[in-house]
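Open the model in a viewer and keep the sequence panel visible. The stops below are given in the order in which to select them.

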Amino acid sequence: MDRELTRQVFDTEQVPTADRFGLWLDMLAGTPGLMRVRTEHADNFVARSEFLDLGPMQLVRHRYPSLDGVRSRKLIQRSDADYYVLALTLAGTGIADQDGQRGVCRPGDFTFYDCARPQELSHHGDDDNPSVRSIVAFIPYEALPLPPRRLAPLFAGRMSGTEGIGALLSNYLIQLTGHPEQYHAADAERLGGVGLDLISTLLGRHLVSEDAVPTEVRRRALLAQVRSHVRQHLGDAALSPQSIADAHHVSVRSLHRLFEAEETTVAAYIRDERLERCRRDLADPALADRPIQLVAARWGFRDKAHFSRAFRAAYEETPQAYRARHLQPARIVNTTASAINSEPTY
């Protein structure tokens, strides 16, 4: 059986109050972003970090009290510095300073910096929620197909994570770090590759020219963006190659070329995603009373006969037969449980 993607959890609440801040500093010393940290909460530093290794890239989901940090040249010499850091603010306000540049990041914003350069960081909550949260990606220099000299203008800058590629990357990081149990350990390298493509494209969009990003990286990132768009609009009967192309500011011809390397077509991808959602709903006991036509319509199939033909071609049985076969075991279990619960007790 495939193992789930493993996450390593570091939680200061597992140790006595007086030891919490010291334990946090020890953990920080083992990361590429070693800093000297100051906080008003050192007497009871309640923090949690969850680490995911995705091939060359490591993701860390943090929750901690307000703090300030400084990464000096002396600390750089004491740690592994050949890394870039991309940080997504989830809660609180983050302020990053590097090379005379400053970025103020609120929830939904990214910032980017170089571990080999001095840096100052401040991350504070507000009166209603003093705890702050973030997701940090540690990226080895060689993992980004972008010239270091081109990236310098982006250090400590602010990039939006609520639109375009930024929104896609933000959703990817939140979903992956929030639900690692939904993924297989064998897919770690591939998931890391998807993340690096999205990060490279996000950075390229904020450079003077996107030419710094290799063509294949841009292609894979656009493909991920298109697939996400399709999954979000499966219930829209008007979803089509033209509407997808318009939403991504490309021609329909370019969209079709994008899918050629995937050995499928745009229309086939839409149909397969819709059928998979219908198949899942038909096997769900909680939806057993929902008419099949409504299940189909929910995912964009407005014609009942067309849906039946497409479903049978994909799964070699009718939607009715598929539902009956998958729900029968659940009915048996529920009937047995009801009979047991209805027996008199003495």
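Two strands pair if DSSP finds at least two bridges between them. Helices (H or I, at least four residues) and strands (E, at least two) are DSSP runs, numbered from the N terminus. This is a predicted model, in which local features need pLDDT of at least 70 and side-chain atom pairs count only at pLDDT 80 or more, while totals for chains, interfaces and linings use all residues. Residues are numbered from 1 along each chain as its sequence is written, and side-chain values use heavy atoms, with hydrogens and water left out.

**Whole chain**

Start with the protein chain, which holds twelve helices and twelve strands. Its C-alpha trace spans about 70 × 70 × 40 Å along the principal axes. Of the 346 residues, 44% count as buried (under 20% relative accessible area; exposed is over 50% and partly exposed in between, with a 1.4 Å probe and protein chains only). Among contacts (heavy atoms within 4.5 Å) with a separation of 6 or more, 72% come from residues 24 or more positions apart.

Now colour by pLDDT, the predictor's confidence in each residue, from 0 to 100. The chain averages 87, and 92% of the residues score at least 70. Select residues 332–342: the pLDDT there is below 50, and this stretch has zero contacts in the model beyond near neighbours in sequence. Where pLDDT is low, the predicted coordinates should not be read in detail.

**The five-stranded sheet**

Select β5 (residues 67–71) and β10 (residues 119–124), which run antiparallel and are joined by five bridges. Within this pair, D68 has S122 of β10 as its bridge partner. Extend the selection to the open sheet of five strands, with the order β2-β5-β10-β7-β8 and antiparallel pairing. At its edges lie β2 (36–38) and β8 (101–105), each pairing on one side only. Neighbouring strands here are turned by 10 degrees against each other on average, direction ignored. For such angles, axes are lines fitted to C-alpha atoms, for helices over the stretch in contact, and angles run from 0 to 180 degrees between N-to-C directions.

**The seven-stranded sheet**

Next, select the open sheet of seven strands, ordered β1-β3-β4-β11-β6-β9-β12 and paired in the antiparallel sense. Its edge strands are β1 (7–11) and β12, each with pairing on one side only. The average turn between neighbouring strands is 20 degrees, direction ignored. Helix α4 packs on this sheet and touches β1, β3 (48–54), β4 (57–64), β6, β9, β11 and β12; the direction of α4 makes about 75 degrees with that of β4.

Zoom in on β6 (residues 83–91), which pairs with β9 over five antiparallel bridges. Strand β6 also pairs with β11 (residues 132–140), antiparallel, over eight bridges. Y84 is a useful residue to label: Y84 stands opposite D114 in β9, and its bridge partner in β11 is I139.

**Strand β9**

Is β9 buried or exposed? Six of the six residues of β9 (residues 109–114) are buried, so the strand is largely enclosed by the rest of the structure. D109, T111 and Y113 cover one side and F110, F112 and D114 the other, all of them buried. Four bridges join β9 to the antiparallel strand β12 (residues 157–160), where G157 is the bridge partner of F112.

Stay on D109, which has a relative accessible area of 8%. Beyond neighbours within four places in sequence, D109 is in contact with A87, L88, T89, V104, R158, M159, S160 and G161.

**Helix pairs**

Two packed helices are described by the angle between their axes and the distance between the axes. Select α4 (residues 164–178) and α5 (residues 188–205): they pack at an angle of about 150 degrees, with axes 9 Å apart. They are therefore roughly antiparallel (angles over 145 degrees; under 35 is roughly parallel, 65 to 115 roughly perpendicular and the rest oblique). The crossing is left-handed (the near helix is turned anticlockwise from the far one by less than a right angle; right-handed if clockwise). Residues of α4 at this contact include L168, L169 and Y172, and those of α5 include V194, L198 and L202.

Finish with α6 (residues 215–232) and α9 (residues 266–282), whose axes come within 10 Å and cross at roughly 45 degrees. This pair is therefore oblique, and its crossing is right-handed. R227, V230 and R231 of α6 make the contact with Y269, I270, E273 and R277 of α9.
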